Each structure stands twice: as C-alpha cells, then as structure tokens.
Amino acid sequence: MGETVHVDLGARSYDVRIGTGLIERAGQAIAPLLKRPRVAVLTDETVGALHLDALRAGLGDVAMTALALPAGEATKGWDQFSRAVDWLLAEKVERRDVVIAFGGGVIGDLAGFAAAVLRRGVRFVQIPTSLLAQVDSSVGGKTGINSTHGKNLIGAFHQPALVLADIGVLGTLTPRDFLSGYGEVVKYGLLGDAAFFDWLEGNGPALAAGDLALRQYAVRRSVEMKARIVERDETEEGDRALLNLGHTFCHALETATGYSGRLLHGEGVAIGCALAFELSQRMGLCSQEEPSRVRAHLKAMGMKADLADIPGDLPDADGLLALMAQDKKVVDGKLRFILARGIGEAFVASDVPGDVVKPVLEAALRAR
Ligand SMILES: NC(=O)c1ccc[n+]([C@@H]2O[C@H](COP(=O)([O-])OP(=O)(O)OC[C@H]3O[C@@H](n4cnc5c(N)ncnc54)[C@H](O)[C@@H]3O)[C@@H](O)[C@H]2O)c1
C-alpha cells in the first residue's frame, strides 16, 4: 500500500510517495516530469551496487545514465561536488531535464545542490534509500555540502519535484545505518508529537527488526511532521529550526570526531536530543524524568545515548562549546538551542548563554 504526503509550497509543491515497489515503478512516476525520456542519476557506490539495476529496470523506457560517488560523509565536499557537476554537464543534462538523487542524505544533499546550480537550476527527484534520507533529508529542499569550516555551510534551498520513498530498499541498510536514521525519527516524537514517541517506545524494536508496515507508518508520520513545518517556514526564519532539535550538540560532536565512522549523523542527533533534554531539565523547563525517558528509549533500541558511547577522545567542555559557536545556528554570538518543556513540546531558544550549557557538557564528559 502506498501513501502520499503532499508538501504544499505554492509553485514549488510536490508529493512524497511512501510505500513498497516504488523503485520497480519509478518510470511511471517520473515520466510525467520529463520533456524527453532520459534522466541522470547520482548515487553512491554502495547503493549503486545494490539497487541501480532495479532502478534501471523500474525506469523502463526512460534512458538512464549514472555516476556513483564514494559512499560516506567525506563525499559531501567540493571535490566530489565539482566532479558531479562536471559529469552532469558532460552528460549534456539540459535546463529542462531531471536529475535523480538515489542514495542516502549525502547523495541527496550533494545531488540537490548540484541540481540547484547546474545551468542556474534544474529539477531533481529524490529517491532516498536510507531511513534518515526518507524521514528527513529528502524532504524540505535543504541541499548542500560541508566546508572545512563546518557542516552544511555551503548550499541552497532547492525543493525536489518528487520524492519516492521506497520502504523495501531499507532492508539492505546495515543495522547501524538503520538505527542512525532512527535517531531522526525519535527526534520528531520528541519535538512535537508525544503520542508518536509513545508509539515508538512500543513499536521501535519490531520496526528495527524489519516490520514493513511499522516502518512505513514511522516514515509517513515523520514526513508529515516535516512537511507541515516546512510549509509554515520554508527558509528557516522561525519554526523550521525545531527540526534542529539535538543538532547544535550533534554538529559539534561530528566536527570533533572528524565526520568519521566514530559517529554517524543520526547517532549524533540522538545523543544531541538527550543532551538537549538534559539542558532543558537543568534550566528548570522539564522534569528529571524526561531526559531519562529519552535515554531509556535510545538504549532499549541499542543506540548511542551518551557522550560515553562515542569511542576515542573528545575535546573538553570549552572545546565543544567553541565548536558549537561555529555552527550556523549562532546569531550575534548567542547560541540557538532547541529546548523542551517536555516530550513533544520543543521550542526555539535563541539566547542560551554558554555558561548554562557548559555544566551539561562537563557532566556528560565526566561520565565517559
Ligand atoms: N538536507 C537535509 O534537510 C538534511 C537533513 C538531515 C540530514 N542531512 C544530511 O544527511 C547526511 C546523512 O544521511 P545518511 O545517514 O543517509 O548518510 P549516507 O548518505 O552516508 O548513507 C549512510 C550509509 O548508508 C548507505 N546506504 C544508503 N542507502 C542504503 C541502502 N538502501 N542499503 C545499503 N546501504 C545504504 C550509504 O552508502 C552510506 O554508506 C548528512 O550529511 C546530513 O547532514 C540533511
């Protein structure tokens, strides 16, 4: 059974289709967008090896040319980006053609940005293959790459023309990559839907074990929440920042661990959410039980929940605070955090002083 979430952004509106067998029928879905029957696909080597033949078959009469970039976060930089753009030009992708992003968030972000700048903007379709990309990065139009100065600092808003989230493709993810994406799913419950968090506490283990119906519900509910927030605030002037729950901590930790296998993005988000609840509790905004409940669920899922779960050395609290200050969520030197009055009740706080955050980091580092 397929479901559709419509993202209503006026002239930039699009559908997110969620279900099984969508890659098998990709040609049918994409053909109406095409002026001529050919597409250029950007993917990564892992996804390409596993699923590119299925996409080629699913595209039917639509001719496909593809470039597979190395898998992993290190690909999301200038080198692979310029390689991708040059390849699209060499493939003679024209202004009215469609680029397909076929992979996780790394490919979605890079391919979306390439589409945003190629010939001043071509349309693109997201076919997200990781859980993280299905529930988060493929929807909402944030595209970009990392800089040596920090994550996602170079990019553009460029909405996709269509998103095809095929739940079946999640079956080939490693358990670690699946759970990393689950970090973003938990985030939705924590930021705005306590009933969804309850549901995840009950259904998370079966969902992680492979239940397709539960996976589809979790993806659909997450996409709905993201779509409604993006509709209210496409370019993050206000409410969209709620989606950054856990991210100020996460980005500092990702920089500290060098965007390496020591910490995946969704793992950093999960730890960051736990720390954001810890900070909220210390600021007297929520009860002591709330951060404990967040951590208990992450632990029950076999996920990283604390700084202690990150292998190797980390900077001290001042070092982590300095990395947070690099984040693009800093406005006039004040740290912007997403805090919570309880599970499902997050809000944006734009003036959190560093000396309130420091003891939270010190306590978390002491526990390592
Ligand atoms: N644009 C946004 O709004 C937004 C939101 C959240 C995250 N992001 C970005 O997303 C990125 C993280 O995304 P990610 O976790 O998908 O990382 P990723 O793209 O690196 O994918 C994770 C790993 O899973 C593999 N993979 C993907 N699909 C697979 C499948 N079906 N079977 C087997 N292996 C598969 C990939 O090859 C990779 O090794 C980060 O760069 C983050 O900044 C962007």
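What follows is a working chat about a predicted model and the ligand in it.

Visitor: Before we start, what should I know about the numbering and the model?
Guide: Residues are numbered from 1 along each chain as its sequence is written, and side-chain values use heavy atoms, with hydrogens and water left out. Because this is a predicted model, local features need pLDDT of at least 70 and side-chain atom pairs count only at pLDDT 80 or more, whereas totals for chains, interfaces and linings use all residues.

Visitor: How many residues surround the ligand?
Guide: There are 27, counting a residue if one of its heavy atoms lies within 4 Å of the ligand, and the closest are D44, G105, T129, S130 and T172.

Visitor: And what sort of residues are in that shell?
Guide: Seven are nonpolar, ten polar and ten charged, where Ala, Val, Leu, Ile, Met, Phe, Trp, Tyr, Cys and Pro count as nonpolar, Asp, Glu, Lys and Arg as charged, and the others, Gly among them, as polar.

Visitor: Which element gives the largest share?
Guide: That is α2, with four residues; helices (H or I, at least four residues) and strands (E, at least two) are DSSP runs, numbered from the N terminus.

Visitor: Which atom of G105 lies 2.7 Å from a ligand oxygen?
Guide: A backbone N or O atom of G105 does, while a polar side-chain atom of D109 lies 2.9 Å from a nitrogen atom of the ligand.

Visitor: New topic: in what order do the strands of the open sheet run?
Guide: The seven strands follow the order β1-β2-β9-β6-β5-β3-β4, with mixed pairing, two strands being paired if DSSP finds at least two bridges between them.

Visitor: Which strands stand at the edges?
Guide: β1 (3–7) and β4 (63–69) do, and each has a single partner strand, so one side of each is left without a neighbour in the sheet.

Visitor: How many bridges join β2 to β9?
Guide: Four bridges join β2 (residues 14–19) to β9 (residues 162–166), and the two strands run parallel; within β9, L164 is the bridge partner of R17.

Methods
A polar contact is a pair of N or O atoms within 3.5 Å; within protein, one must be able to donate a hydrogen and the other to accept it, and residues adjacent in sequence count only if both atoms are side-chain atoms.
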